[in-house]
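Colleague: Could you take me through this protein slowly, and explain the terms as they come up?
Modeller: Gladly; here is the model, and you can ask how each label is earned.

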Amino acid sequence: MTEEFIIPEFAIVGHPNEGKSTVVSTLSEDDSVRISQIPGETVECRVFPVMIDGEEVIRFIDTPGFQAPKKALAWMKAFKGSDEQMLKTFLDTHRNNPDFRDECHLLKPIADGAGIIYVVDGSRPLRKADKAEMELLRLTGRPRMAIINCKEDETLYLDIWKSEFIKHFNSIRVFNAQKATYSERIALLDSLKSVEQVWQPSLEKVIRAFKRDWERRNLRSTELICELLQNCVTYQIKKNCTSKSQMESVRDKLTERYKIEIGKIEQKVHFKIRKLFKHNIFNYELPAQSILNDDLFSSRTWQLLGLNPGQLTMAAAITGGALGAALDVAAAGLTFGIFTAIGSAAGAGSAFFGGERMTKAKVVGLKLGGWQVIVGPNTNIQFLYVLLDRTLLYYAHIINWAHGRRDYDCAKVSQNSDKSVKQGYTASYDDSARKICNRYFKDIGKKDQSTNDYVHKNMVLLIKLTLDKISGS
Ligand SMILES: Nc1nc2c(ncn2[C@@H]2O[C@H](COP(=O)(O)OP(=O)(O)OP(=O)(O)O)[C@@H](O)[C@H]2O)c(=O)[nH]1
Ligand SMILES: [Mg+2]
């Protein structure tokens with residue numbers, strides 16, 4: 001950042017329990033912010049800086065809710081000095097006054113130069129105290145924006161709130177702090193530009209930094225996903241046994257271990273993705289109906305994720321044939337639309353998809369006697385698609401979980417639980433995207449360990465584009 005970069009600073013203020021801390025948590029992507037159903041949770045200001053590349057780019061200040069807004073407003077209206085002096089005098093006069101304890105806390109950062117983000121729960125009616133808060137904030141003369149954070153789906157009062165806001169704020173935005181996506185956060189930052197001209201260049205830089213950071217996270221996620229696919233598809237375990245009678249139990253144990261090890265590889269990657277998107281404190285549970293709760297090797301997983309039978313037959317034909325000319329991502333029109341519009345039916349016949357099929361163990365005789373039981377590498381292409389779908393679904397779950405969202409039950413992620421429809425992304429991949437996956441699968445499965453860079457590059461591009469599409473970036 002250049003020297004003249006001013007770190008924009010915003011105090012998030014409002015009535016107790018309206019969702020101020022939730023807004024701070026979501027905007028700063030910090031899940032350590034204290035949020036509670038009980039009003040009065042935040043009792044002191046706390047600064048939440050947003051760091052990108054080790055540099056602070058913007059900071060949000062969480063504040064306690066107003067305690068006596070009508071009385072504070074009355075004091076300000078009666079104040080005789082200049083506008084500039086008003087806040088400072090209020091703070092000096094009431095420093096030790098318990099009646100204005102919270103006002104002193106919340107007005108301090110504003111007096112020090114922070115912009116104002118006023119948060120209200122727009123699903124409830126407007127009250128006199130709200131009007132007093134708005135008027136008081138207007139009297140401070142500081143740049144200010146109002147955020148309508150609807151806790152309920154109720155929109156009956158929205159227009160009333162909006163028409164009141166127009167009188168007091170430079171900018172108004174509806175922003176659901178529990179559901180806000182990446183693009184909604186960017187849109188909010190963008191509209192902050194209009195509240196104060198001097199912050200415009202800095203906020204533009206902040207937005208660029210946010211976008212660059214997101215791009216980097218998606219690139220890193222892409223690398224992680226490629227590593228996951230490669231490590232899982234090529235994973236192999238062997239065990240020798242000396243008698244035929246042992247064989248069955250060795251095979252069963254090895255198959256079980258294989259599944260556990262694959263599960264561990266997958267979990268590690270999912271954990272890294274979670275960290276990348278700054279979900280540090282809570283273990284964000286999946287919705288109860290999510291297919292991700294099913295075992296990777298369950299037949300339901302194999303039926304609802306990955307390709308459908310027709311696509312699989314074609315995939316088998318491609319991977320069975322010669323590799324042929326490498327596919328050019330741009331020429332394949334991949335940048336214009338990876339997904340086909342047609343919804344994919346899951347198709348019946350779990351035997352065809354059966355998770356068990358892909359973990360089939362091989363038994364080979366050993367020269368010096370005895371046998372070797374081998375599980376992996378996996379030769380079933382559906383394995384790649386199922387793994388990819390599970391990670392893409394996990395990614396979508398993580399990136400769409402706003403950091404301020406804490407109450408698991410109140411805002412369930414709606415995930416399709418219809419058993420006749422595919423629930424992943426890959427069944428909607430168009431022909432060219434599937435070709436890239438098929439060739440990648442064939443390439444990583446090669447015995448000679450050599451890799452075709454072109455095939456790998458195409459797979460990286462495909463996954464990156466998929467992540468960009470999922471996140472709307
Ligand atoms: N359903 C729903 N609940 C929300 C939303 N935003 C906040 N909440 C809930 O509202 C309660 C209060 O949220 P906080 O963010 O702690 O509110 P606050 O304004 O900081 O409250 P104080 O610090 O007590 O002044 C918590 O239980 C939140 O989970 C929302 O958009 N939807
Ligand atoms: Mg709070």
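**How the labels are earned**

Modeller: Let us begin with Lys108 and Asp112, whose side chains meet in a salt bridge, with N and O 2.7 Å apart. This is a predicted model, in which local features need pLDDT of at least 70 and side-chain atom pairs count only at pLDDT 80 or more, while totals for chains, interfaces and linings use all residues. Residues are numbered from 1 along each chain as its sequence is written, chains are lettered from A and ligands numbered from 1 in the order in which they are written, and side-chain values use heavy atoms, with hydrogens and water left out.

Colleague: Why is the pair Lys108 and Asp112 called a salt bridge?
Modeller: A salt bridge is a side-chain nitrogen of Lys or Arg within 4 Å of a carboxyl oxygen of Asp or Glu; the N to O distance for Lys108 and Asp112 is 2.7 Å, so the pair qualifies.

Colleague: What makes Asp112 buried or exposed?
Modeller: Buried means under 20% relative accessible area, exposed over 50%, and partly exposed in between, found with a 1.4 Å probe on protein chains only. Asp112 has 52% and is therefore exposed, whereas Lys108, at 43%, is partly exposed.

Colleague: How do you know which label fits Arg217 and Glu29, which also form a salt bridge?
Modeller: Arg217 has a relative accessible area of 5% and Glu29 one of 8%, so Arg217 is buried and Glu29 is buried as well. Their closest N and O atoms are 2.7 Å apart. Because Arg217 lies in helix α8 (residues 200–233) and Glu29 in the loop between α1 and β2, the pair ties together parts that are 188 residues apart in sequence. Here helices (H or I, at least four residues) and strands (E, at least two) are DSSP runs, numbered from the N terminus.

Colleague: What makes Ser21 and Thr42 donors of the magnesium ion (ligand 2)?
Modeller: Donors are N, O and S atoms within 2.8 Å of the metal (3.2 Å for Na, K and Ca), and water is not among the atoms, so sites may look incomplete. The OG atom of Ser21 and the OG1 atom of Thr42 lie 2.0 to 2.1 Å from the magnesium ion, so they count as donors. Ser21 is in helix α1 (residues 20–28) and Thr42 in the loop between α1 and β2 (46–52), 21 residues apart. Both Ser21 and Thr42 are buried.
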